[in-house]
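Colleague: Could you take a close look at one part of this model for me, the place where two of its chains meet, and then relate it to the charged pairs and the nonpolar packing elsewhere? I would like one connected account rather than a list.

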Amino acid sequence: MRYPKMKWQAPIVGAAVLALASTAMAADVELSFYYPVAVGGPITKIIDGYAADFEKENPSIKVKAIYAGTYQDTLVKALTAFKSGEPPDIAVLLSTDMFTLIDEDAVMPFDGLLKSEADKSWAKGFYPAFMENSQTGGKTWGIPFQRSTIVMYWNKDAFKAAGLNPDKAPDTWDELVTDGRKLTKRDGNNVSQWGVQIPSTGFPYWLFQGITTANKVRLMNQAGTETYFDKPAVIEALQYWVDLSRKEKIHPPGVVEWGTTPKDFFERKTAIMWTTTGNLTNVKANAPFPFGVAMLPAHTGRGSPTGGGNFYFFKKMSAEKSAAALKFVKWMTTPERAADWGIKTGYVAVRPDAWETPVMKKYVADFPPAAVARDQLKYSVAELSTHENQRVTKALNDGLQAALNGTKTPEQAMKDAQQEAARILRSYNK
Amino acid sequence: MSVARDISRGSDGEAGQPLSPSPAAGVARFISPRRGRPRRWATHINGWLLLLPAAIMLAVFTHYPTVATIIDSFFSTPKGARPAVFVGLDNYQAMIEDPIFWRALNNNIIYALATIPLTIALSMTMAVVVNGKIQGRAFMRLSFFTPTVLPMIAVANIWLFFYSPGYGLIDQVLGLFGVPAHNWLGNEHTALGCLIVVAIWKDAGFFMIFYLAALQQMSPALGEAAALEGASRWYFFRRVTFPLLMPTTLFVLINAIINSFRLIDHVVVMTRGGPNNTTALLLFYIYEIGFKFWDTAFAATLTVVLLALLAILALGQFVFLDRRIHYQ
Amino acid sequence: MNPLYQPGRLSAALETAGAWCLAVLWILPLAYALWASIHPSAYSAHFVVDAPVTAENFVKAWNAAPFSRYFLNTFLLVTMILAAQLVLCTLAAYAFARFEFYGRELAFILVLLQLMIMPDVLIVENYRTMTALGIVDTIPAIGLPYMASAFGIFLLRQTFKTVPRELDEAARVEGANPLQVLLKLYVPLAKPVYIAYGLVSVSYHWNNFLWPLIVTNSVNTRPLTVGLQIFASSDQGIDWSVITAATLMTSAPLLIAFLLFQRQFVQSFMRAGIR
């Protein structure tokens, strides 16, 4: 094979290109960012849009936003990547994964990065309800991003047809039952419309907290080392949920799928549904009837667990990268952007000052349901979060599903779950 | 396909590879034959050289992991900065005490016992039907085989849609007959059954093809002879066709057994092991433990059980069934 | 089967009806999925004959996730695996078929082990190996555990054994070395088996899910199955029309190839069938 003779210019040009390239590479910081999508809508497009806008304003930082599936999937991916030595730089993961990530020694607290006064006041500007799952041991491990609470959506047409006031949702446990009885439509053996539907796949414990909080009982301690699944108030709450389907027959039997609940609502299979406020924009776009949004019904107490994801920074980031990452996170949670994200999805804008921006004020004026979740924040509690979170929540989830299916009584289910959780957390209680 | 018999048959009578006497010839130098006594050691070297690439891959990705799994099951899981510690039989103890493990094992056995015979019976039936002179054979063959070409993930998503309570296809069709809507995948009693149906739907067509091949190789003379003697169709099938299909059945059986332990895609898509672990299959549980809870030592312990199960089944087949196969 | 076994008219009719029922039942899920994907969301659960036909579901699905990249990844993956398998398994099968070397029986049993103990059940350890090799989240990492296929070795060994020795010896006498004999004699004779095996391998690896799920983290390496599952994950509000569209889109290549080359597909599967 014959090679053309190398001209003398070639090496010089080559060296120049190399020099330029290396300086360009040195200036560019690349951040990898894993994020999940848990609600309907063109979320990946929105996130990609944000990343592009951020890059425009910060030309020396490149953000690689990687969609990783559900919260579960994203956690698995992030930890997998971390364990194989190539962690992402930033990830949006469940606020409740905090203990797991700390135990795996995978994430770093934000406090060390907050140098200026501006930074510190920025970090203090989030709703305290959201910070409950983001701080432990005096340090801040997560910055709220896509946070939510459970809300109750109701079909106004169905209410009217059942002879109920379409503008008033049931506000107590008893009201839910009486309204549900009127709303449940049967033809023969078949139920064409259920009164209420509370999903129980994926993370039934979260929906369950919507009931336990109304019964004024907490499921775990702040340090994440103890659980209280077998407290009488908890068992009572589970009994209420089980009774909705087994005794009152106003709720579908068995375990109800989370992902199809909004569609069930649109298809009028249920008149009331409990789901995340993050589905608000999805419901607004797709519901073929007028609907309302309300806080969860109260009993001895009122409220909902918070939910959703925080930004986490993974360890092993260089100082340069972590500075860039902090910039990105701050940019993503400015009041304007938090407002924009909240409007586009239905997640609760995570800072009080976001709700004061003109665009958000107008949105709420036009569409009051958007503020329900925010108003519920003052009654909101931390989501269930402990060490070995995945295992502990699995124990609770299994118990809830067993009770809903009738294979265990609520008391037995919760006792078994508590026993399992205590066993798992034993080594953390030394 | 008697593997055991094959091995015992031993020497093929190959006289060996004649080669010039220079061991330093290097890895890939094969020299043309010379007249004279063949050098047997050359055969050995060449044989191993040819086998080497595959052997290395197999060793690294099958044999080594198998051994490593067994070893790992005797250690604890390394976490964060803590390294793995020898714990003897602790993991096995924990496994025996774990009700979910027994659930998963039980589920998998039921799942296997349900899918395997049904799939084989169905595929045999399909093959017999498609082999005959029935109208629309080509369409039928297409219809039976198509599910095989689809990924299980796709199949599972489609069936997830069908099982949706109320407006899913199944409830709609059943609704026409007045059967009330049912929460198929959310009910502890029906969830596993639903997965079984999906698995059968996917695999029956695949096995049908192998039976078809075997049927088409059967001599028509057999059928004629039997008809002349006044045998009924069912008798002919039971006493002639079925035994002759045994080699194919063995092959299909191996595949079906492997699939019933290996294929858990539909669990991941449709039920994620729920409700309350009624659809947790062994490999799915291993995946959960290993990649969701990161308890790698426990996952290794569970894998050992799975390996043992597969090994017993393999042995069982080769020893037991091999004897009963009739070869033409 | 036997033409003498003509069943009575009623039996024949019943049997035909039964067979037709089964066939229709079998294709129903796919047909319904197709129906749902070409009609708007509102009709996905309602079977109305004159519903408007639309391609928007496919457009939505295509835009919602980088399917073109996923297609590329899958294509690279199956090609790489197949190429490696053909080479490795041919060499190994040739060794087993025609060479008597020390430890052949033992080696063969060890190879057969992989028939039962597939890489899929060794996910935890193999993942650790990939981490140690530093190739997690690369396309080769997905393919490596499968490249030495016991099934392939077994199949080719059977086939090579059926080649008459006379041909082999004749070639040797003419001065060919073993590799040349392999390439010029055995491989061409085994072509149908190669085609069959190729089809089996491609469809198996195109559709493989669990191992790729574990080993890949990023868009650049994910194959279609993993991409589809992430896309369809039910944490989102499920829109069946879009999901069935995405599902069909990812199965389309194999499905179309199958429909076009039905005959060859079926015949080669049959040829590969163990008699």
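**The interface of chain B and chain A**

Modeller: A good place to begin is the salt bridge in which the side chains of Arg391(A) and Asp295(B) meet, with 3.0 Å from N to O. The model is a predicted one, and every value that follows is computed from it. Across the interface of chain B and chain A the rule finds 3 salt bridges, and 9 residue pairs are in polar contact there, both partners being at pLDDT 80 or more. On the side of chain B that touches chain A, helix α13 (residues 282–291) of chain B gives the most, with 3 residues. By class, that side of chain B has 10 nonpolar, 9 polar and 6 charged residues.

Turning to extent, 25 residues of chain B are in contact with 30 residues of chain A, and the two chains bury about 2400 Å² between them, with 51% of it on carbon and sulfur atoms. In chain B, Tyr167(B), Phe293(B) and Trp294(B) lose the most area to chain A, and together they account for 28% of what that side buries.

The charged pairs can be followed beyond the interface, since side chains of opposite charge can pair when their charged atoms come close. Over all chains, a search of the whole structure finds 27 salt bridges. One of them joins the side chains of Lys394(A) and Asp398(A) at 3.6 Å, N to O; both residues lie in helix α18 (residues 389–405) of chain A, 4 residues apart, about one turn of the helix. Lys394(A) counts as buried because its relative accessibility is 12%, under the 20% limit, and Asp398(A) is likewise buried, with a relative accessible area of 10%.

Another pair within a helix is formed by Arg423(A) and Glu420(A), whose closest N and O atoms are 3.0 Å apart. These residues lie in helix α19 (residues 410–425) of chain A, 3 residues apart and so about one turn of the helix. Here Arg423(A), at 44% relative accessibility, counts as partly exposed, and Glu420(A) is partly exposed with a relative accessible area of 27%. To return to the earlier pair, salt bridges that share partners join Lys394(A) and Asp398(A) with Glu288(B) and Lys292(B) into one network.

A further salt bridge links Arg351(A) with Asp353(A), the closest N and O atoms being 3.1 Å apart. Its two partners fall into separate classes of exposure, because Arg351(A), at 5% relative accessibility, counts as buried, whereas Asp353(A), with a relative accessible area of 32%, is partly exposed.

As for the nonpolar packing, the largest nonpolar core holds 279 residues, of which Phe291(A), Phe311(A), Phe313(A), Met270(B) and Phe160(C) touch the most other members. Helix α8 (residues 191–216) of chain B supplies the largest share of this core, 18 residues. Leaving aside neighbours within four places in sequence, Phe313(A) is in contact with a set of residues that includes Ile90(A), Val107(A), Met108(A), Phe110(A), Leu113(A), Leu326(A) and Val329(A), and that also takes in Asp89(A) and Ser322(A). Apart from the largest core lies another, of 52 residues, among them Ala169(A), Val234(A), Ala413(A) and Met414(A).

Notes:
Residues are numbered from 1 along each chain as its sequence is written. Chains are lettered from A and ligands numbered from 1 in the order in which they are written. This is a predicted model: local features need pLDDT of at least 70, side-chain atom pairs count only at pLDDT 80 or more; totals for chains, interfaces and linings use all residues. Side-chain values use heavy atoms; hydrogens and water are left out. Contact means heavy atoms within 4.5 Å. Buried area is the accessible area (1.4 Å probe) that two parts lose on being put together, summed over both. A salt bridge is a side-chain nitrogen of Lys or Arg within 4 Å of a carboxyl oxygen of Asp or Glu. A polar contact is a pair of N or O atoms within 3.5 Å; within protein, one must be able to donate a hydrogen and the other to accept it, and residues adjacent in sequence count only if both atoms are side-chain atoms. Helices (H or I, at least four residues) and strands (E, at least two) are DSSP runs, numbered from the N terminus. Ala, Val, Leu, Ile, Met, Phe, Trp, Tyr, Cys and Pro count as nonpolar, Asp, Glu, Lys and Arg as charged, and the others, Gly among them, as polar. Buried means under 20% relative accessible area, exposed over 50%, partly exposed in between (1.4 Å probe, protein chains only). A nonpolar core is a set of buried Ala, Val, Leu, Ile, Met, Phe, Trp, Tyr and Cys residues joined through side-chain atoms within 4.5 Å.
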